[in-house]
Amino acid sequence: LFEDQKKNCFVNLPIEISGATEIEHSIVELIPDGAAPMPDNPNGAILELWGSGILQFGKIEFSRPGEYKYIVRCFEQGYSGINFATQYDRLPREEMLHITIRIVEQGDDMNAEITITNNEGDELPTLKITYIETLR
């Protein structure tokens, strides 16, 4: 008996949070659509960050070709866990990005084609959430 010797494909999904101050607490969640595989991450699919920086969900392993979809949901927990009503809103209060990972066979290898879009359907070059200040 011969086993399929195709190599699995691994994808990392780093997400950058920018423009947040050190007292702003972001929670970022990776939500699979259907049977999409999840990252090998001891922290699970929910990550937290105070201020700005880059978060890593960990590697996602794909063992077969196909199209896999995810939502990255980011919301601001507020200052020390309390949502304050102030003169300024800091965006995002909640932001969602959509990820499509298409795994394609190329010879004995599999490669990933990644598309990231916002809620309006605009394609984005990276997973990035930017806090901006808006006057209420």
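Ser18 stands opposite Thr130 in strand S10, and the place of Ser18 itself is in strand S1, where strands, like helices, are DSSP runs numbered from the N terminus (E over at least two residues for a strand, H or I over at least four for a helix). The model is a predicted one, in which local features need pLDDT of at least 70 and side-chain atom pairs count only at pLDDT 80 or more, whereas totals for chains, interfaces and linings use all residues. Residues are numbered from 1 along each chain as its sequence is written, and side-chain values rest on heavy atoms, with hydrogens and water left out.

Ser18 is a convenient place from which to enter the fold. With a relative accessibility of 14%, Ser18 counts as buried, because that word covers values under 20% relative accessible area, while exposed means over 50% and partly exposed lies in between (1.4 Å probe, protein chains only). If residues up to four places away in sequence are not counted, Ser18 touches Ser52, Lys128, Ile129, Thr130 and Tyr131, a contact being heavy atoms within 4.5 Å.

Strand S1, which spans residues 9–18, runs parallel to S10 and is joined to it by three bridges; two strands are taken to pair if DSSP finds at least two bridges between them. In general, the strands of a sheet pair through backbone hydrogen bonds, either parallel or antiparallel. Here three strands form an open sheet in the order S4-S1-S10, with mixed pairing. Its edge strands are S4 (53–62) and S10 (128–130), each of which pairs on one side only. Neighbouring strands of this sheet are turned by 15 degrees against each other on average, direction ignored, where the axes are lines fitted to C-alpha atoms and angles between N-to-C directions run from 0 to 180 degrees.

The view can now be widened to the chain as a whole. The chain holds 11 strands and zero helices, and buried residues make up 33% of its 136 residues. Of the contacts in the chain with a separation of 6 or more, 67% are between residues 24 or more positions apart.

Met96 offers a second local view, in strand S7 (residues 94–106). Met96 is partly exposed, at a relative accessible area of 25%. Leaving aside neighbours within four places in sequence, Met96 is in contact with Ile71, Val72, Arg73, Asn118 and Asn119. The C-alpha atoms of Met96 and Arg73 are separated by 4.5 Å, although the two residues are 23 residues apart along the chain.

Among the side chains, the aromatic rings come next. The count comes to one aromatic pair, under a rule by which rings of Phe, Tyr and Trp (its six-membered ring) pair if their centres lie within 6.5 Å, with planes under 30 degrees apart called stacked, over 60 edge-to-face and the rest tilted. The pair is formed by Phe62 and Tyr68 and is tilted, at 4.9 Å centre to centre and 50 degrees between the planes. Phe62 is buried at 1% relative accessibility, and Tyr68 is buried as well, at 13%. Elsewhere, the charged end of Lys59 sits over the ring of Phe10, 5.6 Å from its centre, which satisfies the criterion that NZ of Lys or CZ of Arg be within 6 Å of the ring centre and within 35 degrees of the ring normal.

The cysteines close the tour. The structure holds zero disulfides, a disulfide being a pair of cysteine sulfur atoms within 2.5 Å. Cys9 is buried with a relative accessible area of 7%, and Cys74 is buried with a relative accessible area of 0%.
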